[in-house]
Amino acid sequence: MSTVTVNGVATHVQEIGSGAPVVMAHGLLIGSLASWYFTAGAELAREHRVRMYDLRGHGRSARPSTGYDTTTLAGDLGALTEDLPPFDLVGHSWGGLVALRFALAHPDRVRRLAIVEAPMPPSAAIDDLMGGDVSPENLLAALPESLRAAVATGKRQAARFVSTVVALVRDTSLIADVRREPTPDATSLRVPAMFAYGDRSSCLPGGRELAAQIPGAQLHVLAGGHYLHLDARAELARLLGDFLRG
């Protein structure tokens with residue numbers, strides 16, 4: 001485990017594999033670098049140097065009270081990658097919007113961009129996926145089945161996860177930041193881009209519109225819901241590997 005201070009926030013970073021660099025960002029609230037570490041990240045590390053990190057407030061990173069908008073988080077991403085040559089960038093859900101924000105601002109630093117299940121408009125991350133109800137109980141009920149089962153065991157790791165979700169909702173600006181987030185204009189993006197969405201996901205219609213803004217963007221629809229890295233683990237890993245290899 002490595003912890004680095006980024007924009008005043010102690011940030012947990014893990015890196016595996018070797019080769020051309022890939023940076024992977026996860027989604028809000030129930031995500032952490034483990035979302036990628038135990039799924040597509042491990043597969044990509046067969047050919048790439050894969051860097052994953054916990055967004056501020058998540059996993060083992062520190063939890064500041066503010067800064068969960070994509071502009072601030074893209075600033076964290078930039079500071080975490082200053083040592084890298086142009087790299088491939090992969091983001092899930094809110095991490096996908098952060099990746100898009102970064103690629104729009106720094107096209108010279110991104111070789112290829114892969115976005116998985118980014119919510120459009122951004123407020124859909126709360127209003128659609130959680131039904132607008134951000135109580136801890138509803139957030140936990142919205143977990144994918146495998147995570148709900150882990151939480152139900154009541155083990156220490158599950159209890160820590162629950163307390164993190166509750167604290168993010170109760171003690172930070174995260175919910176307000178999500179609801180204030182403007183819809184990005186991706187028409188100026190010139191980085192090769194690929195989008196992946198689940199056929200059962202409420203994010204799919206917005207994803208189609210987002211991909212249509214970008215000349216030459218690929219859009220892939222896989223069997224699954226919002227947590228596509230879990231629902232279509234092998235298929236998504238293979239899709240990402242093929243795209244980044246191109």
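## Salt bridges and a pocket: worked exercises

Arg-46 is exposed, at a relative accessible area of 65%. This is a value from a predicted model.

**Exercise 1.** Which residue does Arg-46 meet in a salt bridge? Is that partner buried, partly exposed or exposed?

Solution.
- Step 1. Find the partner. The side chain of Arg-46 meets that of Glu-43, with N to O at 3.1 Å.
- Step 2. Apply the cut-off. A salt bridge needs the nitrogen within 4 Å of the carboxyl oxygen, so 3.1 Å qualifies.
- Step 3. Classify the partner. Glu-43 has a relative accessible area of 38% and is partly exposed.

**Exercise 2.** Which parts of the chain does the salt bridge between Glu-47 and Arg-245 link?

Solution.
- Step 1. Check the contact. The closest N and O atoms of Glu-47 and Arg-245 are 2.8 Å apart.
- Step 2. Place both ends. Glu-47 sits in the loop between helix H2 (40-44) and strand E4 (48-53), and Arg-245 belongs to helix H12 (residues 233-245). The two are 198 residues apart, so this pair links distant parts of the chain.
- Step 3. Add the exposure. Glu-47 is partly exposed at 41% relative accessibility. Arg-245 is partly exposed as well, at 46%.

**Exercise 3.** Is Glu-181, the partner of Arg-101, buried or exposed?

Solution.
- Step 1. Confirm the bridge. Glu-181 and Arg-101 meet through their side chains at 3.0 Å, N to O.
- Step 2. Locate the pair. Glu-181 lies in the loop between helix H9 (174-180) and strand E7 (193-198), while Arg-101 is in helix H4 (residues 94-105). The bridge therefore ties together parts that are 80 residues apart in sequence.
- Step 3. Use the cut-off. Buried means under 20%. Glu-181 has 10%, so Glu-181 is buried. Arg-101, at 25%, is partly exposed.

**Exercise 4.** Which residues are joined into one network by salt bridges that share partners?

Solution.
- Step 1. Start from the total. The structure holds 12 salt bridges.
- Step 2. Follow the shared partners. They join Glu-15, Arg-49, Arg-51 and Asp-83 into one network.

**Exercise 5.** Which helix gives the largest share of the lining of the second largest pocket?

Solution.
- Step 1. Size the pocket. The space in the second largest pocket is about 170 Å³.
- Step 2. Read the lining. Among its residues are Glu-43, Arg-46, Glu-47 and Arg-245.
- Step 3. Assign the helices. H2 and H12 each supply at least two lining residues. H12 gives the largest share, 6 residues.
- Step 4. Sort by character. The lining has 6 charged, 3 nonpolar and 2 polar residues.

Methods. Residues numbered from 1 in each chain as written. Predicted model: local features only at pLDDT ≥ 70, side-chain atom pairs only at ≥ 80, totals over all residues. Heavy atoms only, no water. Buried < 20%, exposed > 50% of the residue type's maximum accessible area, 1.4 Å probe, protein only. Helix = DSSP H or I, 4+ residues; strand = E, 2+ residues; numbered from the N terminus. 1 Å grid on protein atoms, 1.4 Å probe; cavity = no way out; pocket = protein on both sides within 12 Å on 5 of 7 lines; lining within 4 Å. Points joined across faces, edges and corners; volume = space filled by probe spheres on them. Nonpolar A, V, L, I, M, F, W, Y, C, P; charged D, E, K, R; others polar.
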